[in-house]
Amino acid sequence: MATRLQRLFGQNQQGLLSVYFTAGYPKLDDTVPIILELEKSGVDLIEVGMPFSDPLADGPTIQQSSEVAIRNGMTIPKLFEQLQDIRQHTQIPLVLMGYLNPVMQYGVERFLQKASEIGIDGLILPDLPLADYVREYKPLFEQYGLSNVFLVTPQTPEQRIREIDSHSNSFIYMVSSASVTGSTGSKGVSNTDYFQRVAGMGLRNPGIIGFGIHDRDTFTQACTHARGAIIGSAFIKALAKEGSLQDNVRTFIQSIRENEKV
Amino acid sequence: MKYTVDENGFYGRFGGAYVPEMLYPNVEELRQNYLKIMSAPDFQEELQGLLRDYVGRPTPLYFAKRLSEKYNTQVYLKREDLNHTGAHKINNTVGQVLLAKRLGKTRIIAETGAGQHGVATATVCALMNLECIVYMGEVDIKRQAPNVARMKMLGATVVPATSGSRTLKDATNEAIRDWINNPEDTYYIIGSVVGPHPYPDMVARFQSVISEEMKAQLLEKTGQENPDYVVACVGGGSNAAGAFYHFLDTPEVKLVAVEAAGLGVDSGESAATSVLGKEGIIHGSRTLLMQTDDGQVTEPYSISAGLDYPGVGPLHAHLHQSGRARFESITDEEALQAVLELTRLEGIIPALESAHALAALGRIGAKPEDVVVVNLSGRGDKDLTTYLDRFGLHGN
Ligand SMILES: Cc1ncc(COP(=O)(O)O)c(C=O)c1O
């Protein structure tokens, strides 16, 4: 049975827009309203960030949103509680993204079981090593029908990309350039050699480009090299603006892909 | 060798390399090369030469007569405070900078707590003509000002870490982020036996010169190369790892690891990881870690910037769990008393970190004939303002 993620990527659709936000930010109970508004605005995939006190791979924006979210009282049990009935309201693919330690403390199997019950589709845990995944967790992910999404970077050797591809079953997260999240320099989307190298490898899984995608230009450019792109920090900044949450979400998503998709 | 790292980078269940993909190539490059480079004759020759002529090794093993009388046992001090730059940290930075050069890296980054590792890194970078950036928590920049000044003198850029508790943990986060942003030309000199494999093993090897010298010096002074006790403070655990290293598989030698209790282990203001920590992942390593039930890292506290860390190296987590080492925790107040005691009994002003080890002397139950080696990891110059404040010695 194809999962929501596999159905999304199976449609051969280009220019997929994935949006990341930190659960519990700006307010503790904003998680579900943000998800629903993102879906209404035409986003294709949502990554719900589980805040961690020491987010090593993140720049200042996601660090700060995580700090606020934790202070607001966001925890894994709280997030699961908020998402309990989410599948009664939306069928948009949902991926949880975070760091390994909070998941370990919750209990990996318990976490996978609960996520699967709720209707979560996949997980991104950047500090979960590929080798550990293959050795310890892959059968559990399969048992609970969850995809584990791996990152590759411009420095990842070809052989390792192939290995990652062989253990993936939804998409591969292509980190645009050597950087933490939230950098807005142009080096990210201009890494054409790397994108073409990966595109030319004939991988089983589609790639989506993330890190540093922050406006319509960078989004459009990234989409010429992969099936879609991920926006995180720029969206989180938009959430902090004056005005209603719904307006902020809608305005931001329109600024990315107005005219581009009906 | 029950206590050395296994081929997957683990000490028992602790260790490993839990790093995001952005760091994988760098960590992997290091893993594949560190042992090869470290065992090459030209590397060893350069390292040994620098340790001897530049760092000033071997450091003395000093029989502390008046301290021994006070505690009614035989106390020896391993004088790491007499190293160039004033602490054991330089044993490691000399080694890693030579390694970085052999890997062709041109830009060096480091984190620092007390500033001793930052100074030791800035020093070897000056010596090798390499760019040096040191991340240091804002709180630590204030409480260890003399070391900030030294780093600047040496030409390093000191970047304040302004997130979280603004101490060592946060400086380490910033250094790791820098490494993610600069994967090609940059080498990260970690200052303790923490971080992803192979760092804990590599740093322990560079610090193992401490116990190697101890054995030869003890043999000469006591006729026995094994002491009854080795006592060392543990922040991340590098001076302790070096002091324990050659005794790890000699169970007759009792190992005592001393953590910072801060205001007391139950006060909520503490850095005693072995008491307060649970297994988790910090800075790329599976180890004991102070954290909430939800897996958020807790902000630690100690008067000593070098011990103010919510984790402990994976080797020490393993020594704790297996019972090979005994763990003690010492409060700010007890450490300060030990500073005054060593100063007035032996004429040596210790670093606040090292004072935690000294303060454990009254706890270990050593017999009069027992040989106890305390690793005096550093000198107290950097802590003088704190000492003058706490002992009311300003004025007059
Ligand atoms: C003098 C001294 N001793 C001990 C430490 C603690 O580090 P470690 O536990 O790695 O030896 C420090 C750290 O800054 C230090 O400066």
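Mentor: A salt bridge is a side-chain nitrogen of Lys or Arg within 4 Å of a carboxyl oxygen of Asp or Glu. Before we use that, note that this is a predicted model, where local features need pLDDT of at least 70, side-chain atom pairs count only at pLDDT 80 or more, and totals for chains, interfaces and linings use all residues. Residues are numbered from 1 along each chain as its sequence is written, chains are lettered from A and ligands numbered from 1 in the order in which they are written, and side-chain values use heavy atoms, with hydrogens and water left out.

Trainee: Okay, how many salt bridges are there between chain B and chain A?

Mentor: The count is two. In a salt bridge between K169(B) and D54(A), N and O are 2.8 Å apart.

Trainee: And how do I read the size of an interface?

Mentor: People often quote the accessible area lost when the parts come together. Buried area is that loss, taken with a 1.4 Å probe and summed over both parts. For chain B and chain A here, that's about 2800 Å², with 54% from carbon and sulfur atoms. On the chain B side, E21(B), M22(B) and R177(B) lose the most area, together 23% of what that side buries.

Trainee: Which residues touch, then?

Mentor: Contact means heavy atoms within 4.5 Å. By that rule, 31 residues of chain B meet 35 residues of chain A.

Trainee: What about the sheet in chain A: how are its strands ordered?

Mentor: Strands are DSSP runs of E, at least two residues, numbered from the N terminus, and two of them pair if DSSP finds at least two bridges between them. In chain A, nine strands make an open, parallel sheet ordered 5-4-3-2-1-9-8-7-6. Strand 5 (147–148) and strand 6 (151–152) of chain A each have a single partner strand, so one side of each lacks a neighbour in the sheet.

Definitions and conventions: Buried area is the accessible area (1.4 Å probe) that two parts lose on being put together, summed over both. Helices (H or I, at least four residues) and strands (E, at least two) are DSSP runs, numbered from the N terminus.
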